[in-house]
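The report that follows walks through one protein model, moving from single helices to the contacts and charged pairs that join them. Please keep the sequence and the structure in view while reading.

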Amino acid sequence: MTDIAWIDLALASARPKALGALLRYFRNLDTAEEAFQEACLRAIRTWPEKGPPRDPTAWLIFVGRNSGIDAVRKRAKIQALPDEDVISDTEDAESDIVERLDDSNYRDDILRLLFICCHPDLPATQQIALALRIVSGLSVPQIARAFLVSESAMEQRITRAKARVAKARVPFETPSPQERAERLSIVSTMIYLIFNEGYSQADPRHEAAAFSDEAIRLARLMLHIFPSEPELMGLLALMLLQISRRPARFNAGDEIVLLEDQDRSLWNQPFINEALALLDKALRHRKPAPYQIQAAIAAVHSRAKCAEDTDWVEIDLLYRALERLQPSPVITLNRAVVVSKLQGAQDALDLIDPLGEKLGGYFYYHGLRGGLLKQLGLTSQAREAFDRAIALAHSAAEAAHIRRQIDKMQEEATRPIAK
């Protein structure tokens, strides 16, 4: 690995901790970002010549803090800090700061950094964009390409999001256990949003496809600093189980392949093994929560050698438990798929029909409803539901999948009846 490649990797790994600590110090997101960027530039200039510091994160915090103070003083027309050679020679100071940095501060720094990206007034797309920019360090052009908007439009979105965050005045004091648990829940939701933004992409070359990997990296980071949190284990297990199917989810023509039709030999077994171990560890805490149950559902699928071996009774029990913990029309919609396997299409249709008002604008509601009506031979109603699903599709692959269902239905309707 070249010096530059190693430095890039070190800077990316240190970013959440260093930026979180600088945010705590300056209490201003823009100032913290500028200080971190200046520290990164100095690292690129000095590390190849002087060698890497013992603790890159501590070095970046120390140099970034001094750089930020320098910038604040310059803006206030106060005497600047010493020259570059003096600031960069941090041998003794670095040793001191390593000793004084507290892991508990790191934990809350990173949690706060992620938490401020999850302000409830921000739309989900802005939360994702802000987290990818601030926490993950993706460039504005990268994020803009992923969301299919211009760089200037994305820059404006992120600027507006930062302004809203600044007004939120997130407290910098150490959170209480209850506040920390609430922040963890909100941050977990945001990480899963990032994951799904990437998971929905058919083309692995699309910029957004890498979001899933970034979400997994963030979940690993959170689990590293909160290693006894079973719901973080559940979240990471869920994402690993889902991403393990990525090679089989789309065919060569970028068409969706349903779970029951996937070539399971393509599934990533190391990811599955890691996820199952995480899930077992989480469940031993005996604190069931939504991500753990969703991971348990995905685990049932991953353990089945073929679609016919799927334990639908177990999945139904898990969905019922999930409904009790987190009542949601979307969860009921998912359970309807299980009901169709166990009890038939009519019972499943009876279960989802009352959801029409709440899920009228949801692609998967109309797609499933069309499929159930098709099974019952109600082709005209099925066609209406499929047409509505196409209108609500989020991608060309989703729309193409529904069109194939319509084509099959029409073929079956025109096929001569055997005598």
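In helix α20 of this predicted model, the buried residues are A397, E398, A399, H401, I402, Q405, I406 and M409. What covers these buried residues of α20 includes two other helices, α18 (363–375) and α19 (379–392). Helix α20 itself runs through residues 396–414, which is 19 residues, and from its first C-alpha to its last it reaches 27 Å, close to the 27 Å expected at 1.5 Å a residue.

A similar check can be made on helix α11, which covers residues 210–225. Because each residue should add 1.5 Å, the 16 residues of α11 should span 22 Å, and the end C-alpha atoms are 23 Å apart, which agrees. The list of buried residues in α11 consists of F211, S212, E214, A215, I216, L218, A219, L221, M222, L223 and I225.

**The protein as a whole**

The protein has 20 helices and zero strands. Of its 419 residues, 47% count as buried. If one takes the contacts between residues at least 6 apart in sequence, 63% of them join residues at least 24 apart.

**Two helices that cross**

Two packed helices are described by the angle between their axes and the distance between the axes. Helix α7 (residues 124–134) and helix α10 (residues 177–199) pack at an angle of about 95°, and their axes are 10 Å apart. That angle makes α7 roughly perpendicular to α10. On the side of α7 the contact is made by A124, Q127, I128, A131 and L132, while α10 contributes M190, L193, I194 and E197.

**Salt bridges**

How many salt bridges does a search of the whole structure find? The search finds 16, and three of these pairs are set out in the table, with the N to O distance for each.

| Pair | N to O distance |
|---|---|
| E33 and R15 | 3.9 Å |
| R404 and E255 | 3.6 Å |
| R335 and E323 | 2.8 Å |

The salt bridge between E33 and R15 links distant parts of the chain, since E33 is in helix α2 (residues 29–50) and R15 is in helix α1 (residues 3–26), 18 residues apart. With a relative accessible area of 7%, E33 is buried, and R15 is buried as well, with a relative accessible area of 6%.

The side chains of R404 and E255 also meet in a salt bridge. R404 lies in helix α20 and E255 in the loop between α12 and α13, so the pair ties together parts that are 149 residues apart in sequence. R404 is partly exposed, its relative accessible area being 22%, and E255 is likewise partly exposed, at 30%.

In the pair formed by R335 and E323, the arginine sits in helix α16 (residues 329–342) and the glutamate in helix α15 (residues 312–325), 12 residues apart. Both R335 and E323 are buried. Elsewhere, salt bridges that share partners join R15, D30, E33 and K162 into one network.

**A buried arginine without a partner**

Where does R245 lie? R245 is found in the loop between α12 (230–243) and α13 (269–283). R245 is buried yet has no salt bridge, and the nearest side chain of opposite charge, that of E260, is 12 Å away. A salt bridge requires a nitrogen and an oxygen within 4 Å, so E260, at 12 Å, does not provide one for R245. Leaving aside the neighbours within four places in sequence, R245 is in contact with Y199, L259, Q262, W267, A298 and H301.

**Two residues with positive phi**

D254 is not a glycine, although its phi is positive, at about 60°. D254 is found in the loop between α12 and α13, and at 34% relative accessibility this residue counts as partly exposed. R286, which is also a residue other than glycine, has a positive phi near 55°. R286 belongs to the loop between α13 and α14 (290–303), and with a relative accessible area of 76% R286 is exposed.

Terms used:
Residues are numbered from 1 along each chain as its sequence is written. This is a predicted model: local features need pLDDT of at least 70, side-chain atom pairs count only at pLDDT 80 or more; totals for chains, interfaces and linings use all residues. Side-chain values use heavy atoms; hydrogens and water are left out. Helices (H or I, at least four residues) and strands (E, at least two) are DSSP runs, numbered from the N terminus. The expected span of a helix is 1.5 Å times one less than its number of residues. Buried means under 20% relative accessible area, exposed over 50%, partly exposed in between (1.4 Å probe, protein chains only). Contact means heavy atoms within 4.5 Å. Lys and Arg count as positive and Asp and Glu as negative; His and the chain ends are not counted. Axes are lines fitted to C-alpha atoms, for helices over the stretch in contact, and angles run from 0 to 180 degrees between N-to-C directions. Angles under 35 degrees count as roughly parallel, over 145 as roughly antiparallel, 65 to 115 as roughly perpendicular and the rest as oblique.
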